[in-house]
Amino acid sequence: MDRKELLELQKFATQIRIETVKQVGIRGFGHLGGALSIADALAVLYGKVMNIRPDDPKWADRDVMVCSKGHAGPAVYSTLALKGYFPMEMLETLNQPGTKLPSHCDRNLTPGVDMTTGSLGQGVSTALGMALAQKLDNKDSKTYLFIGDGECNEGQVWEGAMFAHQHKLGNLVAFVDDNGKQLDGYTKDVMDVGNIAAKFESFGWDATTIDGHDIEAIVDAIEAALKVTDKPSCIVLKTVKGKGVKDLEDMMLNHHVRIDDDFTNKGLAELEEVMAGIEKELANV
Amino acid sequence: MFKVIYNGEIEAKAHKDVFGNTLAELAAEDKDVVYLDADLMNSSGTYKFWKENPTRAINCGISEANMMGVAAGLSAMGKKPFAHTFGPFASRRCFDQVFLSIAYAKNNVRIYGSDAGVTAAFNGGTHMPFEDMALMRAIPHATVIDVADGVELAAVLKQSKDREGLTYIRSTRKNNYQIYDPSSEFEIGKGNIIRDGKDATIIACGIMVGESMKAADMLAEKGLDVRVVDMFTVKPVDAELVKKCAEETGAIVTAENHNIVGGLGDAVSAVLLEECPVPLKKVGVNDEFGQVGPQDYLQEVYGLTAENVAKTVEEIIASKG
Ligand SMILES: Cc1ncc(C[n+]2csc(CCOP(=O)(O)OP(=O)(O)O)c2C)c(N)n1
């Protein structure tokens, strides 16, 4: 990947963060921590990897994405709006009466959202069904899946892990957002999920662990995963819950937060500064 | 005895604080009380209790089915488990474990499902239980409760501590209209006449109790004298009281923050049909899924308002002729 492409993807990730903070900021509360931690992986998927048509969201041969940690909806909505699935202004309607952008992802409301999620664990199985359908139809398309590290507490995740191996879902790439936290705090204090990659490996998956905020590492890991076609792949993203907004990163219980204008503006200023740095570099390549 | 202090104001204390404080009290008074949660302690007012009492509060992580099985095992060994998660995850996400390991195996477990119905508000459709009472009612011998305010929540939590079998309690995590004076006492299985009247009876539970009191005030201005019953125990429903209200007022409107399929309305109408048929209308969610939005907006959308209750009462009184 050349420098320019890398910078473009970093820019996309930063835009996703900015729009996500704005969305939640307008409402004053939301699941901001776990939305910000997956922004980089979303940027790589939608900015480079996925075969999609934003003007035809239901295109039958598209790659699909299931955000099983459905509460990260706002990050997904930012990504889709920036890709042109719907107007940017729609982002202002998060959780408003009659909105098409609810807290948790809903395939019947939002253009570009491929599956309804929110009850943790359930998105995993639905992604397996989608990947299986692609395989049964001999399609080249892929299924991408986001799972929370806390979500891995659900037995359904591991029922799915067995299934995906049994049915050789080589077209499935699952990301586990290992931000080390769930709702009640650190996963190691609530329900220690241990070595996630080793667990998936022991279920017969191809698994790797990378820095989930390193765009290049994400690109490389996905490319490697796509070469594995006889079994499912798991990419464990080591991330920071609330990534990009210092006050949020430092907050211990940062799952569902109330934020005021000062908090939002400070966070946006930090992200705008990152953005300015990227733009400056981009101008020079 | 209970004392009604309803005056249209919202209660001071959020139910999550009532829950946290009551659990701490129960745990202090009875060494066998154990509290289980599925990664929602910081959402339900018990985070501090967990941090201070790590052996009395057991965080099960996001594993509701496992949690219900663990609760059953604790009960089998003589503990008194209280398990909490949001209503949908406390009912449909783990239904077979609740049915078999808890109820069928005759273990004694109290389940608290918070964010009842539209009170799930901004968490939206996936988190909005309109069917939890229907599911729990379908379990033999289960006790199913939808509380009207925090005073009642504290009381039923305390009473359920030594209750046999499965007790399911639902409520908001936030604040409802205040209904009862804190000195009030309640009996599980007995409905409360919280406002007397002779033209019709509104039988309500949960957030609809306050709405029904408001509706009765609105109707009084039109010269209609309407009784309001807080039927917080939806199962076993107080059949004697239902019959008495039917006989004395001749018409019944039920009001619930739940699907009209399988909830309070069905429980009351079953009694009426067999014992004392009088006109009945149900106010509740008309077989719809939940959706995201502010609670007051959702109450409008689904007709869970004092205005709709009042309108329905007027209709039924007119139909009595
Ligand atoms: C079945 C189910 N149980 C509980 C919840 C409530 N809940 C929403 S998010 C969350 C914590 C999720 O932690 P994790 O998967 O690590 O997500 P992240 O930290 O990345 O946001 C909980 C308990 C839910 N949505 N679904």
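Mentor: Quick ground rule before we look at this predicted model: two strands pair if DSSP finds at least two bridges between them.

Trainee: Okay, so what makes β5(B) and strand β10 of chain B a pair?

Mentor: Set the count against the rule: at least two bridges are needed, and β5(B) and β10(B), residues 233-235, have two, in the antiparallel sense. So by that definition they pair. Within this pairing, B:V144 stands opposite B:K235.

Trainee: And what makes β5(B) and strand β6 of chain B a pair?

Mentor: Four bridges, in the parallel sense, join β5(B) to β6(B), residues 166-171. The cut-off is at least two, so they count as paired. Here B:D146 stands opposite B:R170. Between the two strands, the chain passes through helix α7 of chain B, residues 150-160, in a right-handed β-α-β crossover.

Trainee: Why do you say that both faces of strand β5 of chain B are covered?

Mentor: Look at each side in turn. B:T143 and B:I145 sit on one side, B:V144 and B:D146 on the other, and all are buried. That fits the usual picture, because in a regular strand the side chains alternate between the two faces of the sheet.

Trainee: Why is B:D199 called buried?

Mentor: Its relative accessible area is 19%, and buried means under 20%. So B:D199 makes the cut. This residue lies in the loop between β7 and β8 of chain B, and its side chain reaches the backbone nitrogen of B:D225 at 2.7 Å. The polar-contact limit is within 3.5 Å, so that distance qualifies. B:D199 also touches residues including B:T249, B:I317 and B:K320.

Trainee: Why does B:K48 count as exposed, then?

Mentor: B:K48 has 58% relative accessibility, and exposed means over 50%. So B:K48, found in helix α2 of chain B, gets that label.

Trainee: How do you know that the largest nonpolar core lies between domain 1 and domain 2 of chain B?

Mentor: Domain 1 (15-171) and domain 2 (192-320) both give residues to this core, so it lies between them. The core has 63 residues, with B:I169, B:I179 and B:V313 among those with the most contacts inside it. Helix α8 of chain B, residues 207-221, gives the largest share, seven residues. Apart from it lies another core, of 58 residues, among them A:L6 and A:I210.

Technical notes. Residues numbered from 1 in each chain as written. Chains lettered and ligands numbered in written order. Predicted model: local features only at pLDDT ≥ 70, side-chain atom pairs only at ≥ 80, totals over all residues. Heavy atoms only, no water. Buried < 20%, exposed > 50% of the residue type's maximum accessible area, 1.4 Å probe, protein only. Right-handed = clockwise from strand over helix to strand, strands pointing away. Polar contact = N/O pair within 3.5 Å; in protein donor to acceptor, adjacent residues only side chain to side chain. Contact = heavy atoms within 4.5 Å. Core = buried A, V, L, I, M, F, W, Y, C linked by side-chain atoms within 4.5 Å. Domains from an automatic or database assignment. Lists of a residue's contacts leave out its neighbours within four places in sequence.
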